[in-house]
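I opened a fresh notebook page for this one and kept my entries short. Here is what I looked up, in the order I looked.

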Amino acid sequence: MSEDDDAELVRRCVRGDRRAFERLVQRYQRPVYNAALRMLRHPEDARDVAQTVFLKAYEHLAEYDPNHRFYSWIYRIALNESINQLNGRKRVSPVPEDEPSDGPGPEQEVDLELSGRRIQAALMTLSDDYRAVIVLRHFLDCSYEEIAEVLQLPEKTVKSRLFSARQLLRAVLQPTGTPRP
Amino acid sequence: MIDQTTAELINTDIDGRLPAAQRAELSRILLADPEARALHRDLQRLQRELAAVTAEPAPAGLADSIMAAIPAVASGGGRPGAARPWRSAVALAVGAAVVAVVLHVGGLKEGLDGAAAVGTMAPGAGASAPVTLDHPEISGSVRLSSGSGSLLVEIDVAPREDVEVTAVRADSSSSAFLRAGESGDRQRLALELPAGESGPVSVRFTSHGRIIDQIRLDPAPGR
């Protein structure tokens with residue numbers, strides 16, 4: 001997708017073109033929803049956050065700085081809204097009861113491809129800051145530079161945070177510490 | 001113990017951003033250091049596992065519900081950014097008399113008469129008797145009043161969950177998205193419908209895609 005195209009859509013939108021905003025919603029609803037889903041785990045919460053993100057974006061579109069990429073701006077709103085939701089709810093993510101408590105042995109487990117649910121469970125053990133960099137890098141395919149723009153952090157800090165987050169995920173996903181989804 | 005430089009080389013390699021010269025350096029380290037080799041192998045596996053998690057499609061109807069909420073947001077000025085906060089988007093105008101028969105429809109509720117509809121707002125001139133909402137997700141009241149050339153659905157509620165409210169009358173509709181308050185904060189707003197339509201007004205409250213309540217408000221004839 002073209003950044004110029006996004007900028008043009010934003011300009012049209014600010015002039016009152018509702019269709020232009022609809023194009024932006026259609027373009028970014030999926031990554032915004034997925035960012036919220038990975039941050040929050042619960043699809044219903046992620047849907048609510050995605051809706052709020054776009055409403056806030058619309059409300060504050062005139063404040064958007066066109067020198068920055070539109071998606072950086074909207075991803076930042078998505079992460080902030082997700083973190084607000086987490087702070088507000090402190091929702092507990094119970095282990096599903098139908099999940100067997102004894103899984104395959106450690107050797108077998110290392111060989112198994114970890115499912116999305118197990119990865120998600122591991123993600124939820126990270127702090128919001130660490131989870132955010134993993135989400136941006138691995139689920140939204142952002143570069144270091146883009147992550148820095150979204151989080152408004154120096155690139156060096158982004159790298160350091162990303163590397164630490166991976167080390168933590170690695171530790172959590174070790175056979176003895178693999179969280180059950 | 002893996003030093004900082006090695007950790008950075010490994011992570012940068014995992015991200016596919018390691019220049020060729022540094023890749024040779026990393027290869028030498030990996031050959032010599034089993035701990036670094038284990039970290040590199042584990043992070044490669046982690047990278048594959050994360051890449052295998054497919055992106056979910058956006059929920060059906062998400063874009064539509066966003067766009068449906070936009071008019072309420074923009075009612076202050078019709079343009080993004082120019083809009084006043086939607087929670088106070090429409091002034092609670094009180095106009096000419098509207099006599100409403102308030103009926104609850106949907107769910108298991110029987111119709112409510114005026115006596116049963118005990119509200120929290122003192123009805124102003126021309127406003128109908130309010131009908132109360134009392135659900136875990138939201139509580140408060142709803143009533144009709146008339147504005148200048150329009151019919152207003154006045155909503156005075158404390159949402160404890162995020163709730164979408166949609167008022168429909170004939171071919172017209174208006175909606176707003178209510179964010180859960182920190183401690184059940186009161187929110188007042190009015191949804192505006194054109195007065196020219198006929199028939200009852202249906203006010204639907206949904207949360208997380210589930211209908212919490214649906215209220216029918218019958219404006220007085222001629223409204």
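**Entry 1: a short helix and what follows**

I started just past a helix of chain A. A:Gln152 comes after H8(A) and has a positive phi, near 55°. A note to myself before going on: this is a predicted model.

Then I turned to the helix itself. Is H8(A) enclosed or open? Helix H8 of chain A covers residues 144-151, and 6 of its 8 residues are buried, so the rest of the structure largely encloses it. I wrote down the buried ones: A:Tyr144, A:Glu146, A:Ile147, A:Ala148, A:Glu149 and A:Val150.

**Entry 2: the nonpolar cores**

Next I looked for cores. The largest nonpolar core holds 80 residues, and A:Phe21, A:Val32, A:Phe70, A:Tyr75 and A:Ile134 have the most contacts inside it. Helix H2 of chain A, residues 18-40, contributes the most to this core, with 12 residues.

I picked A:Phe21 and asked which residues it is in contact with, leaving aside neighbours within four places in sequence. In chain A I found A:Cys13, A:Phe54, A:Tyr58 and A:Leu61, and in chain B I found B:Ile66, B:Met67 and B:Ile70.

There is also a second, separate core of 23 residues, with B:Ile155, B:Val165, B:Leu191 and B:Phe205 among them.

**Entry 3: chain B as a whole**

I stepped back to see how chain B is put together. I noted 4 helices and 9 strands in chain B. Along the sequence the pattern reads α-α-α-α-β-β-β-β-β-β-β-β-β. Chain B has 223 residues, and 48% of them count as buried. I also checked contacts in chain B between residues at least 6 apart in sequence: 55% of these join residues at least 24 apart.

**Entry 4: where the two chains meet**

How much area do chain A and chain B bury between them? The value is about 4600 Å², with 59% of it on carbon and sulfur atoms. Chain A brings 51 residues to the contact and chain B brings 49 residues.

I then went through the polar side of this interface. Between chain A and chain B there are 13 residue pairs in polar contact, both residues being at pLDDT 80 or more. On the chain A side, the elements giving two or more residues are helix H1 (3-14), H2, helix H3 (43-59), helix H4 (70-89), helix H6 (116-123), helix H7 (128-139) and helix H9 (155-172) of chain A. H3(A) gives the most to that side, with 11 residues. By class, the side of chain A that touches chain B has 22 nonpolar, 11 polar and 18 charged residues.

Salt bridges across the interface number 3. One that I looked up joins A:Arg166 to B:Asp15, with the closest N and O atoms 2.3 Å apart.

**Entry 5: one leucine**

I wanted a closer look at B:Leu39, which sits in helix H3 of chain B, residues 34-52. Is B:Leu39 buried or exposed? B:Leu39 is buried, with a relative accessible area of 0%. Not counting residues up to four places away in sequence, B:Leu39 touches A:Gln167, A:Arg170, B:Ile2 and B:Ile10. B:Leu39 and B:Ile10 lie 29 residues apart in sequence, and their C-alpha atoms are 7.9 Å apart in space.

**Entry 6: salt bridges over all chains**

My last search covered the whole structure and gave 20 salt bridges over all chains.

- A:Arg12 pairs with A:Asp17, the closest N and O atoms being 3.0 Å apart. A:Arg12 is partly exposed at 25% relative accessibility, and A:Asp17 is partly exposed at 25% as well.
- A:Asp128 pairs with A:Arg131, the closest N and O atoms being 3.2 Å apart. The two are 3 residues apart in helix H7 of chain A, so about one helical turn separates them. A:Asp128 is partly exposed at 22%, whereas A:Arg131 is buried at 2%.
- B:Asp13 pairs with B:Arg23, the closest N and O atoms being 4.0 Å apart. This pair links helix H1 (residues 4-14) of chain B with helix H2 (residues 20-32) of chain B. B:Arg23 is partly exposed, at 40% relative accessibility.

I closed the page with a network: salt bridges link A:Arg170, B:Arg41, B:Asp42 and B:Arg45. A:Arg170 had already turned up in my notes as a residue that B:Leu39 touches.

Notes: Residues numbered from 1 in each chain as written. Chains lettered and ligands numbered in written order. Predicted model: local features only at pLDDT ≥ 70, side-chain atom pairs only at ≥ 80, totals over all residues. Heavy atoms only, no water. Core = buried A, V, L, I, M, F, W, Y, C linked by side-chain atoms within 4.5 Å. Buried < 20%, exposed > 50% of the residue type's maximum accessible area, 1.4 Å probe, protein only. Contact = heavy atoms within 4.5 Å. Buried area = accessible area lost by both parts, 1.4 Å probe. Salt bridge = Lys/Arg side-chain N within 4 Å of Asp/Glu carboxyl O. Polar contact = N/O pair within 3.5 Å; in protein donor to acceptor, adjacent residues only side chain to side chain. Nonpolar A, V, L, I, M, F, W, Y, C, P; charged D, E, K, R; others polar.
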